[in-house]
Structure formats: structure tokens, C-alpha cells
Amino acid sequence: MRLRSSLAAALGALALAVTLPTSPASAATGQFFFTYERDGKTLEGYLRDPRARYCLTLEQVAKPDTTAAHSPRNRTNSVATVYTDVDCEGESFPLKSGGGSGGKDVKFRSVVFNR
């Protein structure tokens, strides 16, 4: 009987641990802004509280026939590194936390937050 109770308690604890949301430590806090072109229009995109230590390919510019994003503005609490290609491949450019930015000449398709 005790074995069943112990097993049930262990399984309950495991289920609870699996269903809890990830802690805020696994995300950069703040917003990351970028500019991109679509159908001849200049648009602005952003990521809010992006996942940390995970490569994020920007869906707006992921396809090879789209123009890369540019003019990144990092308003997160983490260093952001932008990459010229999808999946954090190609040349990289770091942006400091809390206000790092790049101009139109900084072209990128993916980003990782180092926090």
C-alpha cells in the first residue's frame, strides 16, 4: 500500500513539474524591434519577451525570396545576436542589451538572445 502511495505521489509531482510554465529566467524581458519590406511597403515587427538561448528565425523574412530584415533595436535585458541567414547561420552582429541598435546596413533573418 505504501509503495502505491509513494508511486502516486511521485507521478503527481512529475505531472505538475511538466505542466508548469517555464520560468522567466528562460526568456529575455522586453522587446526587440526590426524593420522589413513586404509588397513594396516598409513594416515594423517585434518580438516581446523572446525565448533565451534559442535561435529565432523571423517568419517575416525566412523565405529566400524575401528581403532580409534590417534596423534592429534591442530593448531587452539580454544581448541579442542577429544572423544574416535563417537558423542563426552566416555572419553575426551583437546588439547590447537595453538599447543596442543597428542601421539599414545590418541585414538579418534570425536572432538569439544570450540571457
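**Strand pairing, ring pairs and a disulfide in a predicted model**

Author: Asn-74 has Gly-100, in β7, as its bridge partner. The structure is a predicted model, in which local features need pLDDT of at least 70 and side-chain atom pairs count only at pLDDT 80 or more, whereas totals for chains, interfaces and linings use all residues. Numbering runs from 1 along each chain as its sequence is written, and side-chain values use heavy atoms, with hydrogens and water left out.

Reader: What makes β4 and β7 a pair of strands?

Author: Strands are DSSP runs of E with at least two residues, while helices are runs of H or I with at least four residues, and both are numbered from the N terminus. Two strands pair if DSSP finds at least two bridges between them. Strand β4 (residues 70-76) and β7 are joined in the antiparallel sense over two bridges, so the requirement is met.

Reader: How do you know that β1 pairs with β4?

Author: Five bridges connect β1 and β4, again in the antiparallel sense. Within this pairing, Gln-31 stands opposite Arg-75 in β4. The resulting open sheet has four strands in the order β2-β1-β4-β7, with antiparallel pairing.

Reader: Why are β2 and β7 said to stand at the edges?

Author: Each of β2 and β7 (100-101) has a single partner strand, so one side of each is left without a neighbour in the sheet.

Reader: Which strands form the other open sheet, and which are its edge strands?

Author: The order is β3-β8-β5-β6, with antiparallel pairing. Its edge strands are β3 (56-57) and β6 (92-95), each of which pairs on one side only. Strand β5 (residues 80-83) meets β6 over four bridges, and Val-82 has Phe-93 in β6 as its bridge partner.

Reader: Why is Thr-76 called buried?

Author: Buried means under 20% relative accessible area, exposed means over 50%, and partly exposed lies in between (1.4 Å probe, protein chains only). Thr-76 has a relative accessible area of 3%, so the residue is buried. Thr-76 belongs to strand β4, a strand in which six of seven residues are buried.

Reader: What joins the side chains of Thr-76 and Asn-74?

Author: The two side chains form a polar contact of 2.7 Å. The term requires a pair of N or O atoms within 3.5 Å; within protein, one must be able to donate a hydrogen and the other to accept it, and residues adjacent in sequence count only if both atoms are side-chain atoms. The value of 2.7 Å therefore lies within the limit.

Reader: How do you know that Cys-55 and Cys-88 form a disulfide?

Author: A disulfide is a pair of cysteine sulfur atoms within 2.5 Å. The S to S distance between Cys-55 and Cys-88 is 2.2 Å, so the pair satisfies the rule. The count by this rule is one disulfide. Cys-55 lies in the loop between β2 (41-48) and β3, and Cys-88 in the loop between β5 and β6, so the bond ties together parts that are 33 residues apart in sequence.

Reader: Why is the disulfide called right-handed?

Author: The torsion about the S-S bond of Cys-55 and Cys-88 is about 100°, so the disulfide is right-handed. Cys-55 has 26% relative accessibility and therefore counts as partly exposed, whereas Cys-88, at 17%, counts as buried.

Reader: Why is the pair of Phe-34 and Tyr-36 called tilted?

Author: Rings of Phe, Tyr and Trp (its six-membered ring) pair if their centres lie within 6.5 Å; planes under 30 degrees apart count as stacked, over 60 as edge-to-face and the rest as tilted. The ring centres of Phe-34 and Tyr-36 are 5.9 Å apart and the planes stand at 35°, so the pair is tilted.

Reader: What makes the pair of Phe-34 and Phe-108 edge-to-face?

Author: The angle between the planes is 75°, with 6.5 Å centre to centre. Phe-34 lies in strand β1 and Phe-108 in the loop between β7 and β8 (110-113), so the pair ties together parts that are 74 residues apart in sequence. Phe-34 counts as buried at 0% relative accessibility, as does Phe-108 at 0%. Ring pairs link Phe-32, Phe-34, Tyr-36, Phe-108 and Phe-113 into a cluster.

Reader: Why is Asp-39 called exposed?

Author: Asp-39 has a relative accessible area of 73%, so the residue is exposed. Asp-39 is found in the loop between β1 (30-38) and β2, and its phi is near 55°, a positive value in a residue other than glycine. Most residues other than glycine have a negative phi.
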